Amino acid sequence: GINAEYGGAELCNRTNPRILEFMSIRRVILTYLSFYTGTIGLFPLRSCVMDIPLPSVVLRQFHDYLSTPQRVLLHILGFLLMNRLLFWHLRRRGVAVVVFVLNREEEFREAEGYAVDGIMTDFPTRLKDYWANGDERTGFVRG
């Protein structure tokens with residue numbers, strides 16, 4: 001996939017429309033603003049991928065460096081970021097939601113609870129083993 005913010009997206013799309021385009025951070029923010037203001041249906045969304053961090057991973061990684069107010073703010077942002085209704089709406093409009101970077105089984109399990117379309121990980125074998133060792137799971141694009 002490519003990120004539209006760094007240029008070349010239009011050329012890539014004309015050359016091969018099957019190349020996935022990742023939303024720029026600006027486009028992600030606008031998507032969330034339009035969702036929470038009730039105007040998301042008024043804006044066109046091209047088929048692409050919205051990749052977002054799993055808030056609990058960010059909190060765990062930076063916990064020791066954050067003040068209590070910063071941690072509270074991250075919890076609130078996490079609540080707003082991980083919205084199953086938004087993810088359902090985006091999926092119906094051809095936008096896949098992918099979370100990053102998940103490397104632990106409890107993170108994989110949490111992501112499944114949000115019904116995201118995919119996971120980015122530094123350890124694909126761990127994710128493969130997670131899927132293979134559990135009951136039949138749904139909600140992820142596997143491949």
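These legends go with an overall view and several close-ups of a predicted model.

**Figure 1. The whole chain, with its seven helices and five strands.** Going along the sequence, the elements come in the order β-α-β-α-β-α-α-α-β-α-β-α. Of the 143 residues in the chain, 33% are buried. If you take the contacts with a separation of 6 or more, 51% are between residues 24 or more positions apart. On the outside, the chain exposes about 9,300 Å², and 60% of that comes from carbon and sulfur atoms.

**Figure 2. Ser56 and its polar partner, Glu110.** Ser56 is part of helix α3, which covers residues 55–62. The two side chains, Ser56 and Glu110, make a polar contact at 2.6 Å. Ser56 has a relative accessible area of 26%, so we call this serine partly exposed. Have a look at Leu102 too: 46 residues separate Leu102 from Ser56 in sequence, while their C-alpha atoms are 9.9 Å apart in space.

**Figure 3. Glu21 and Arg27, joined side chain to side chain.** Here the polar contact spans 3.2 Å. Glu21 sits in strand β2, made up of residues 21–22. With a relative accessibility of 4%, Glu21 falls under the 20% cut-off and therefore counts as buried.

**Figure 4. Phe35 and Tyr36, an edge-to-face pair.** The chain has two aromatic pairs by the rule used here, and this view shows one of them, with 5.0 Å from centre to centre and 80° between the planes. Angles over 60 degrees count as edge-to-face, so that's the label this pair gets. The two rings part ways on exposure: Phe35 is buried at 15% relative accessible area, whereas Tyr36 is partly exposed at 38%.

**Figure 5. Phe108 and Tyr130, a tilted pair.** The ring centres of Phe108 and Tyr130 lie 5.5 Å apart, and because their planes meet at 55°, the pair is classed as tilted. Phe108 belongs to helix α6 (residues 105–113) and Tyr130 to helix α7 (residues 124–133), so the pair ties together parts of the chain 22 residues apart in sequence. Both Phe108 and Tyr130 are buried.

**Figure 6. Arg126 over the ring of Phe123.** This last close-up swaps ring-on-ring for charge-on-ring: the charged end of Arg126 sits over the Phe123 ring, 3.8 Å from the ring's centre.

Notes: Residues numbered from 1 in each chain as written. Predicted model: local features only at pLDDT ≥ 70, side-chain atom pairs only at ≥ 80, totals over all residues. Heavy atoms only, no water. Helix = DSSP H or I, 4+ residues; strand = E, 2+ residues; numbered from the N terminus. Buried < 20%, exposed > 50% of the residue type's maximum accessible area, 1.4 Å probe, protein only. Polar contact = N/O pair within 3.5 Å; in protein donor to acceptor, adjacent residues only side chain to side chain. Contact = heavy atoms within 4.5 Å. Areas by Shrake-Rupley, 256 points an atom, 1.4 Å probe, with all protein chains shown as cover. Phe/Tyr/Trp six-rings, centres within 6.5 Å; stacked < 30°, edge-to-face > 60°. Lys NZ or Arg CZ within 6 Å of the ring centre and 35° of its normal.
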